[in-house]
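Work through these exercises with the structure open beside you. Try each task before reading its solution.

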Amino acid sequence: MKKHPATKNWRSAYEKVFPDKLERSTTFLILKSTKTASSCRTIFMTSALKEELKKWLNQLAADEMKDPTRYHDNGMLFRLPNGLAVEPALIRKKFLKWQDAHPEFPRIVFHGLRHSSATCQLMISDGDVKAVQGTTGHASAICW
């Protein structure tokens, strides 16, 4: 029988360990801490994205109200209707499905959304690369 890795000091290296929702599962999701404090970023978003985020947060609240005794709020933005953690593969699948439904947008990988934030910042700052470099985590504007 395998030992659960969340025993002893193993867990201290991670922010949170999410056990699998299935009985007798040997898998779990891990939220790792950032490597450095500067790894925590502020992203910029359009007003349309802000409105979509508000709708999503309202949906999360509605999911919890449906059955609060069975809801497990894991504190993450992306979560299942019962509040449990979502596997990254499921997020990618949902994103691909959204892209299929919206062919008017160029196809990008999910990580590409981070680059969209940088592009938005550049547009707002009239192309001031130096102003955007810090929030994107680049030590130098030259490495772009």
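**Exercise 1. In which loop is the place of D126?**

Solution. The model is a predicted one. Find D126 in the loop between α3 and α4. Next, check its backbone. Phi of D126 is near 55 degrees, which is a positive value in a residue other than glycine. Last, check its surface. D126 has 74% relative accessibility. The cut-off for exposed is over 50%. D126 therefore counts as exposed.

**Exercise 2. Set out the order of helices and strands along the protein chain.**

Solution. Start with the count: the protein chain has four helices and two strands. Then read along the sequence. The pattern is β-β-α-α-α-α. Now add two figures for the chain as a whole. Of the 144 residues in the protein chain, 16% are buried. Among contacts with a separation of 6 or more, 21% come from residues 24 or more positions apart.

**Exercise 3. Describe how helix α3 packs against helix α4.**

Solution. Two numbers are needed. Two packed helices are described by the angle between their axes and the distance between the axes.

- Step 1. Locate the pair: α3 covers residues 112-124, and α4 covers residues 129-136.
- Step 2. Take the angle, about 150 degrees, and the distance between the axes, 9 Å.
- Step 3. Interpret the angle. Values over 145 count as roughly antiparallel, so α3 is roughly antiparallel to α4.
- Step 4. Give the handedness: α3 passes α4 in a right-handed crossing.
- Step 5. List the contact residues. From α3 come R114, A118, Q121 and L122. From α4 come V129, V132, T135 and T136.
- Step 6. Sort these contact residues by type. Four are nonpolar, three are polar and one is charged.

**Exercise 4. Find the distance between T119 and V132, C-alpha to C-alpha.**

Solution. Place T119 first: it is in helix α3. T119 and V132 are 13 residues apart in sequence. In space, their C-alpha atoms are 9.1 Å apart. V132 belongs to the contact that α4 makes with α3. Now look at the exposure of T119. Its relative accessibility is 43%. That lies between the cut-offs of 20% and 50%, so T119 counts as partly exposed.

**Exercise 5. Examine three salt bridges, and judge the exposure of each partner.**

Solution. Begin with the idea. Side chains of opposite charge can pair when their charged atoms come close. A search of the whole structure finds six salt bridges. Three of them follow.

*K55 and E52.* The side chains meet in a salt bridge of 3.4 Å, N to O. Both residues lie in helix α1, residues 47-66. They are three residues apart, about one turn of the helix. K55 is exposed, because its relative accessibility is 53%. E52 is partly exposed, at 46%.

*R70 and D67.* The closest N and O atoms of this salt bridge are 3.9 Å apart. R70 has 62% relative accessibility, so it counts as exposed. D67 has a relative accessible area of 33% and is partly exposed.

*R79 and D73.* Here the closest N and O atoms are 3.0 Å apart. R79 counts as buried, at 14% relative accessibility. D73 counts as partly exposed, at 43%.

**Exercise 6. Is Q99 buried or exposed?**

Solution. Locate the residue: Q99 is found in helix α2, residues 88-101. Read its relative accessible area, which is 5%. Buried means under 20%. Q99 is therefore buried. Then look for its neighbours, leaving out residues up to four places away in sequence. Q99 touches P106, R107 and I108.

**Exercise 7. Where does G75 lie, and what separates its C-alpha atom from that of A85?**

Solution. G75 lies in the loop between α1 and α2. Count along the chain: G75 and A85 are 10 residues apart. Their C-alpha atoms are separated by 8.8 Å. Finish with the surface. G75 has 59% relative accessibility, so it counts as exposed.

Conventions
Residues are numbered from 1 along each chain as its sequence is written. This is a predicted model: local features need pLDDT of at least 70, side-chain atom pairs count only at pLDDT 80 or more; totals for chains, interfaces and linings use all residues. Side-chain values use heavy atoms; hydrogens and water are left out. Axes are lines fitted to C-alpha atoms, for helices over the stretch in contact, and angles run from 0 to 180 degrees between N-to-C directions. Angles under 35 degrees count as roughly parallel, over 145 as roughly antiparallel, 65 to 115 as roughly perpendicular and the rest as oblique. A crossing is left-handed if the near helix is turned anticlockwise from the far one by less than a right angle, and right-handed if clockwise. Contact means heavy atoms within 4.5 Å. Ala, Val, Leu, Ile, Met, Phe, Trp, Tyr, Cys and Pro count as nonpolar, Asp, Glu, Lys and Arg as charged, and the others, Gly among them, as polar. A salt bridge is a side-chain nitrogen of Lys or Arg within 4 Å of a carboxyl oxygen of Asp or Glu. Buried means under 20% relative accessible area, exposed over 50%, partly exposed in between (1.4 Å probe, protein chains only).
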